Amino acid sequence: MLRFFFWSLLLLNAFLLAFNLGYLGHWSLDTHEPERLKAQYHADQLKPLSATEALTPSDATTDKTSDVIACLEVGNFVQTDIDKMEEKLKTLGLGERQSRINVVDVATHMVFIPSQGSKEGADKKASELRRLGISDFYIVQDQSNMRWGLSLGVFKTEEAAKLHLTNLTNKGVRSARVGPRTVSTNKFAFQLRALTAEEKTKYDTIKAGFPAQENRNCQTTDDSKI
């Protein structure tokens, strides 16, 4: 029995000696799982971050508001094409961000004196013009914002209207000015507001089916929205 313990202790000591001297190899993780450890560490590829860089959001979370289109207008559609375009635009689901407007064209340019507020005021201004030797005018009596103003001439081009204004100024007329004389047409346009990049891409596909129409920045048309 003692002999058995003696030889057991001797073999155990021999085993430990061989292990410490490296005859049995190394059982560390570096030897048994080298590829996994290399994939985990790659110390040469690590880059320290400053406090500013650590607080800066990555590109994946960068705010995309700069890609939003404030307002895009497309037109001008005749009556027969309106329903077709409107049906296509429904797929964008814009809701209140979409509206249809009546297109207003500048047909001519007018030289005029603004509204005098009443018939009496307009008659008084007309008397002043006659004293200056000017008789080619008429008092506006419709329900527009020009009511009780005086029209001194209507011209096809702005240049011609400005030339006439200069002639009137030389005769002593001081309150006249040049302005567009607008008329409503039977054409329409659509205004699309706050379009995201994704919505713009979908819109471009729709627009391809209406090549005759043009994209433009939205115009101020508060009185012509439908």
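A pocket, for our purposes, is an open set of grid points with protein on both sides within 12 Å along at least five of seven lines. With that in hand, let's explore this predicted model.

Q: What volume does the largest pocket have?
A: Start with where to look: among the residues that line this pocket, the closest to its centre include Asn 145, Met 146 and Pro 180. Arg 181 and Thr 182 belong to that closest group too. The space there comes to a volume of about 440 Å³.

Q: Which element gives the largest share of the lining of the largest pocket?
A: Two elements give two or more residues to this lining, strand 2 and strand 5. By class, the lining has seven nonpolar, four polar and two charged residues. The largest share, four residues, comes from strand 5.

Q: Is Thr 108 buried or exposed?
A: You'll find Thr 108 in strand 2, which covers residues 98–113. Leaving out residues up to four places away in sequence, Thr 108 touches Val 154, Phe 155, Pro 180 and Arg 181. Buried means under 20% relative accessible area. Thr 108 has a value of 16%, so it counts as buried.

Q: Which element supplies the largest share of the largest nonpolar core?
A: This core has 15 residues, and Val 74, Phe 77, Met 85, Leu 89, Phe 190, Leu 192 and Tyr 203 touch the most other members. Strand 1, helix 5, strand 5 and helix 8 each supply at least two of its residues. The largest share, four residues, comes from strand 5.

Q: Which residues of strand 5 (177–195) does Phe 77 touch?
A: Set aside anything up to four places away in sequence, and the contacts of Phe 77 include Ile 82, Met 85, Phe 210 and Gln 213. Now check the rest of its contacts against the range of strand 5, which is 177–195. Those that fit are Asn 186, Lys 187, Phe 188, Ala 189 and Phe 190.

Q: How many residues apart in sequence are the parts that Cys 71 and Cys 218 tie together?
A: A disulfide is a covalent bond between the sulfur atoms of two cysteines. Here the sulfur atoms of Cys 71 and Cys 218 sit 1.9 Å apart. Cys 71 lies in strand 1 and Cys 218 in the segment after strand 6, so the pair ties together parts whose separation in sequence is 147 residues.

Q: What is the handedness of the disulfide between Cys 71 and Cys 218?
A: Look at the torsion about the S-S bond, which is about -80°. That value is why the disulfide is called left-handed.

Notes. Residues are numbered from 1 along each chain as its sequence is written. This is a predicted model: local features need pLDDT of at least 70, side-chain atom pairs count only at pLDDT 80 or more; totals for chains, interfaces and linings use all residues. Side-chain values use heavy atoms; hydrogens and water are left out. A nonpolar core is a set of buried Ala, Val, Leu, Ile, Met, Phe, Trp, Tyr and Cys residues joined through side-chain atoms within 4.5 Å. Buried means under 20% relative accessible area, exposed over 50%, partly exposed in between (1.4 Å probe, protein chains only). Contact means heavy atoms within 4.5 Å. A disulfide is a pair of cysteine sulfur atoms within 2.5 Å. On a 1 Å grid over the protein atoms alone, a cavity is a set of points where a 1.4 Å probe fits but cannot get out, and a pocket is an open set with protein on both sides within 12 Å along at least five of seven lines; lining residues have an atom within 4 Å of a point. Grid points are joined across faces, edges and corners, and a volume is the space filled by probe spheres set on the points. Ala, Val, Leu, Ile, Met, Phe, Trp, Tyr, Cys and Pro count as nonpolar, Asp, Glu, Lys and Arg as charged, and the others, Gly among them, as polar.
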